[in-house]
Amino acid sequence: MLGKPVNRREALKRIGLMGAGAVLAGCGLPAYANRGSNGRVVVVGGGFGGATAAKYLKRFQPSLDVTLVEPSRRYYTCPFTNLYLAGLRDFESLGHDYRELEDTYGVRVVHDLAEDVDVDRRRLKLAEGAELSWDRLILSPGIDFRWGALEGYDEAAAEKAPHAWKAGPQTHLLRAQLEEMEDGGNFVLVAPENPFRCPPGPYERVSLVAHYLKHNKPRSKVLLLDAKDNFSKQGLFMEGWAEHYGDMIEWVGLSDDGRVIRVDADRLEVETEFGTIHRASVLNVVPPQKAGAIAQRAGVADESGWVPVEPNTFESSRVPGVYVIGDATEAAPMPKSGFVASNQGKITARAVVADLAGREVPEASWTNTCYSVIAPEWGITVANVFEVHNGDLREVPGSGGVSPSGAAASFRRNEALYAEAWYAGITQDVWGTRPGE
Amino acid sequence: MRELILLVGLALGAVLAWGIAWGGNGPEAVEEGAVDAERAELIALTCTACHGTEGRVVTEIPPLAGRPEAVLQAQLIAFKRDEMPQATVMPRLAKGFTEEELRVVARYFASLDADE
């Protein structure tokens with residue numbers, strides 16, 4: 001009003017969605033300024049989940065004292081690294097910083113590693129020695145690898161046979177290996193059992209590696225050895241592979257002896273359950289995973305290595321006052337996707353604000369849309385809407401699903417265009433990156 | 001000031017209309033409406049993962065902020081009813097919400113200014 005921009009708070013007032021108390025509290029005070037804290041929230045992890053939670057905590061309740069702990073000053077997303085691997089996108093375009101969180105929202109961003117946590121004393125210990133105390137703690141630590149769970153695959157092996165399942169040096173290493181690979185070589189990807197980060201990720205990766213090889217090393221082959229018989233958007237991937245890559249990509253599922261039980265990174269060889277040895281020119285191993293280390297330290301993870309949570313809030317089922325979001329959680333049927341992690345960040349921010357104010361948590365909804373790019377103008381999607389029903393997370397009946405099979409090329413092209421647009425939209429929503437920045 | 005009075009009046013009117021729309025009457029119905037209003041905002045927040053914060057990012061995916069309520073409402077309901085043959089993910093997402101929820105989400109984005 002009076003020529004000032006209308007933000008969420010104003011909009012809620014205009015359409016009558018905010019209670020009288022909230023309207024009065026919003027009067028005459030600058031947006032997002034710290035106005036004498038009414039609660040300290042520490043968020044660990046500045047990825048899709050944590051950065052969203054920090055931003056929306058301040059949007060919901062500007063007077064909260066919010067600290068985000070994230071080692072990187074610039075965060076590179078795992079989504080879209082496959083486009084970089086294919087030579088279709090600049091790596092720097094996957095980087096995002098924390099200026100909007102600091103400057104616009106007044107989040108205190110501490111670039112350090114959360115090393116240990118004392119949930120009884122409510123203190124978080126950082127690698128450089130500082131300690132942070134909280135009224136509520138939100139952990140969004142992502143994944144760690146279960147080194148050695150797949151025989152022969154440890155951190156040293158990953159320097160020869162990269163996972164490239166966290167964006168950074170591993171991504172560059174895999175790209176360099178692809179560039180050095182001879183024409184007529186054999187790219188082998190080893191995919192794990194469920195659950196793991198980014199269910200369609202291995203299949204998008206082989207698609208875009210095939211795209212790179214088709215245009216640069218056309219005599220090469222791509223082999224995907226899978227510990228499963230079914231995977232995300234399977235029919236659509238297979239349709240796209242046939243359309244764009246003929247027989248360049250071979251997928252071997254569990255029933256056809258696709259499960260790898262041993263890796264020899266020095267020889268770039270893998271052995272399957274029934275003793276078949278496959279030799280690779282470039283070997284990409286996506287290893288078994290678990291919740292990030294700080295979740296283990298906090299005692300919120302269970303025997304599976306993942307974190308059970310209360311469905312409506314994502315508060316830990318084991319440690320009250322500690323909330324966990326993102327890939328670290330066991331939140332089936334929600335996938336471990338950046339999209340879902342960000343949505344969980346918003347819902348959990350809302351739950352934390354309500355909890356600190358002693359109020360009821362509103363009924364939640366979460367959505368997911370996972371885009372996969374098979375070729376530059378060939379995109380496919382899965383979409384989901386989730387709700388809590390009788391105390392459990394579930395998909396809303398009749399909603400969601402994958403792109404139609406056999407759709408026109410124009411439909412696939414639109415979904416490829418929307419994939420790029422989605423990336424611009426979500427990285428603006430999470431980190432404030434402007435499209436084209 | 002006149003604008004402020006008008007807005008407060010509109011807001012009160014909306015709250016009352018809300019209560020009536022949800023089939024109740026009296027103060028209890030208004031209270032019930034207020035709870036569902038919070039839920040409406042949580043639904044709107046699912047949209048911003050593609051459309052940007054407050055629905056303001058302009059890409060191949062259209063912005064939502066400040067667009068006419070009737071247009072947004074008609075589009076969302078057409079998505080839900082499979083009346084948009086060229087649509088991609090939106091029909092699958094819109095089917096996860098009731099028509100009443102879609103109407104409130106349309107109202108939310110329509111009430112925002114298009115520019116920050």
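Me: In this predicted model, how do the axes of helix α3 (residues 69–80) of chain B and helix α5 (residues 99–110) of chain B stand to each other, and at what angle do they cross?

Reply: The axes of these two helices of chain B come within 8 Å and cross at roughly 145 degrees. The crossing of α3(B) past α5(B) is right-handed.

Me: Which residues make that contact?

Reply: From α3(B), the contact draws on B:Glu69, B:Leu72, B:Gln73, B:Leu76, B:Ile77 and B:Lys80. From α5(B), the residues include B:Leu102, B:Val105, B:Ala106 and B:Phe109. Sorted by class, the contact of α3(B) with α5(B) has 8 nonpolar, 1 polar and 5 charged residues.

Me: In chain A, what angle do helix α3 (residues 48–60) and helix α12 (residues 409–431) form?

Reply: Their axes come within 8 Å and cross at roughly 55 degrees. The angle therefore makes α3(A) oblique to α12(A). On the α3(A) side the contact is made by A:Phe48, A:Ala51, A:Thr52, A:Lys55 and A:Tyr56; on the α12(A) side it is made by A:Ile426, A:Gln428, A:Asp429, A:Val430 and A:Trp431. These residues divide into 6 nonpolar, 2 polar and 2 charged.

Me: How should one read a pair of aromatic rings?

Reply: Such a pair is described by the distance of the centres and the angle of the planes. The structure holds 19 aromatic pairs over all chains. One of them joins A:Phe48 and A:Trp431, with 5.0 Å centre to centre and 70 degrees between the planes, and it is edge-to-face. This pair links distant parts of the chain: A:Phe48 lies in helix α3 of chain A and A:Trp431 in helix α12 of chain A, 383 residues apart.

Me: Are helix α8 (residues 201–216) and helix α9 (residues 234–245) of chain A parallel or antiparallel?

Reply: The axes of α8(A) and α9(A) come within 11 Å and cross at roughly 0 degrees, which means that α8(A) is roughly parallel to α9(A). In α8(A), residues including A:Tyr203, A:Val206, A:Ala210 and A:His211 take part, and they meet A:Phe237, A:Trp241, A:His244 and A:Tyr245 in α9(A). This contact divides into 6 nonpolar, 3 polar and 2 charged residues.

Me: What backbone geometry is usual for phi and for peptide bonds?

Reply: Most residues other than glycine have a negative phi, and most peptide bonds are trans. In this model, a cis peptide bond joins A:Asn194 and A:Pro195, with omega about -5 degrees. A:Pro195 is in the loop between β11 (186–191) and α8 of chain A. Another cis peptide bond joins A:Ala332 and A:Pro333, where omega is about 10 degrees. A:Pro333 sits in the loop between β21 (329–330) and α11 (338–356) of chain A. As for phi, A:Phe80 is not a glycine, yet its phi is positive, about 85 degrees. A:Phe80 belongs to the loop between β3 (75–76) and α4 (81–85) of chain A.

Me: What are the mean pLDDT of chain A and that of chain B?

Reply: Chain A has a mean pLDDT of 93, and 91% of its residues reach 70 or more. Within chain A, the pLDDT is below 50 over residues 1–5, a stretch with 12 contacts beyond near neighbours in sequence. The pLDDT is also below 50 over residues 18–31 of chain A, where there are 10 such contacts. Chain B averages 77, and 70% of the residues score at least 70. Over residues 1–35 of chain B, pLDDT stays under 50, and the model has 25 contacts beyond four places in sequence for them.

Me: What are the ipTM and pTM scores of the model?

Reply: The model scores ipTM 0.91 and pTM 0.89.

Notes
Residues are numbered from 1 along each chain as its sequence is written. Chains are lettered from A and ligands numbered from 1 in the order in which they are written. This is a predicted model: local features need pLDDT of at least 70, side-chain atom pairs count only at pLDDT 80 or more; totals for chains, interfaces and linings use all residues. Side-chain values use heavy atoms; hydrogens and water are left out. Axes are lines fitted to C-alpha atoms, for helices over the stretch in contact, and angles run from 0 to 180 degrees between N-to-C directions. Helices (H or I, at least four residues) and strands (E, at least two) are DSSP runs, numbered from the N terminus. A crossing is left-handed if the near helix is turned anticlockwise from the far one by less than a right angle, and right-handed if clockwise. Contact means heavy atoms within 4.5 Å. Ala, Val, Leu, Ile, Met, Phe, Trp, Tyr, Cys and Pro count as nonpolar, Asp, Glu, Lys and Arg as charged, and the others, Gly among them, as polar. Angles under 35 degrees count as roughly parallel, over 145 as roughly antiparallel, 65 to 115 as roughly perpendicular and the rest as oblique. pLDDT is the predictor's confidence in each residue, from 0 to 100. Rings of Phe, Tyr and Trp (its six-membered ring) pair if their centres lie within 6.5 Å; planes under 30 degrees apart count as stacked, over 60 as edge-to-face and the rest as tilted.
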